[in-house]
Amino acid sequence: EILTQLRYRDGQSTGYGSRLHYTTEWAQQACENGFLINCTPTLGGLSICKSVTFMSENPSLYPNPKMWQAIDTIRHSESLLSATGWHFLPSGHVSKIEHLIAPGDIIAFTSSLSNLDIAHIGIATNGPKGIHLLHASPKSKKVVVTRDPLPVYLKNQKQFTGIVVLRPVRKSAISG
């Protein structure tokens, strides 16, 4: 039940088009439902409004045949997301706020692609040099903790422009 509330628009699974395909859309709904707190604005995040159209412009990247049936719904959600915008912390600002990121925070990496919101996510964890990232590494093809602390890792990833920091709400109301 909680997974349905987190993964589907308005908590209703009515097919492929009702899934929250974009991370910013998922995060906005999770914040509205009390599962997450978006820490990015309070950490000094900048407002961004981007035309998010990656899925509808690249349907061949999605082998699920249901994608074609849901293309109008996906375009509609892209339109709403593009009009809403969100906050992000540019790469160069992350070292200044790293000490405010808590282990367990979800770190979403904003994409350098003009039509995509988030390109990757991971979980903040304590490491030997500060906050590191636990993530499914595309390069290693497994879950790893970054060798470098978050600001250094981010600086070396040209496909990312910054981060969004999402904090899970730790309260018993979620389980009941």
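These legends go with a few close-up views of a predicted model.

**View 1. The largest pocket and what surrounds it.**
Here we zoom in on the largest pocket, which has a volume of about 390 Å³. Its lining is made up of 17 residues. If you want to find the middle, look for H135, S137, K139, Y153 and Q157, the lining residues that lie nearest the centre. Three elements give two or more residues each to this lining: β5 (118-127), β6 (130-137) and β7 (142-145). What kinds of residues make up the lining? Eight are polar, six are nonpolar and three are charged. As for how such spaces turn up at all, rolling a probe the size of a water molecule over the atoms shows where empty space is left.

**View 2. K141, in the loop between β6 and β7.**
Stay with two of the strands from the pocket view and follow the chain from β6 into the loop that leads to β7, where K141 sits. K141 isn't a glycine, yet its phi is positive, at about 60 degrees. Is this residue buried or exposed? K141 has 72% relative accessibility, so it counts as exposed.

**View 3. D10, in the loop between α1 and α2.**
Now hop over to the loop that joins α1 (2-7) to α2, and pick out D10. This is another non-glycine residue with a positive phi, this time about 55 degrees. D10 counts as exposed because its relative accessibility is 64%, and the cut-off for that label is over 50%.

**View 4. Helix α2 and the glycine after it.**
Helix α2 covers residues 23-32. Which of its residues are buried? They are T24, E25, W26, A27, Q29 and A30. When you look along a helix, it helps to know that an α-helix has 3.6 residues a turn, so residues three or four places apart point the same way. After α2 comes G34, and the phi of G34 is positive too, near 80 degrees.

**View 5. Two cysteines, C31 and C39, that are not in a disulfide.**
How many disulfides does the model have? The count comes to zero. Take C31: its nearest cysteine sulfur belongs to C39 and is 8.5 Å away. Start from C39 instead, and the nearest cysteine sulfur is that of C31, again at 8.5 Å. A disulfide would need the two sulfur atoms within 2.5 Å, so this pair doesn't make the cut. Their surroundings are worth a look as well: C31 is partly exposed, at 25% relative accessibility, while C39 is buried, at 9%.

Terms used. Residues numbered from 1 in each chain as written. Predicted model: local features only at pLDDT ≥ 70, side-chain atom pairs only at ≥ 80, totals over all residues. Heavy atoms only, no water. 1 Å grid on protein atoms, 1.4 Å probe; cavity = no way out; pocket = protein on both sides within 12 Å on 5 of 7 lines; lining within 4 Å. Points joined across faces, edges and corners; volume = space filled by probe spheres on them. Helix = DSSP H or I, 4+ residues; strand = E, 2+ residues; numbered from the N terminus. Nonpolar A, V, L, I, M, F, W, Y, C, P; charged D, E, K, R; others polar. Buried < 20%, exposed > 50% of the residue type's maximum accessible area, 1.4 Å probe, protein only.
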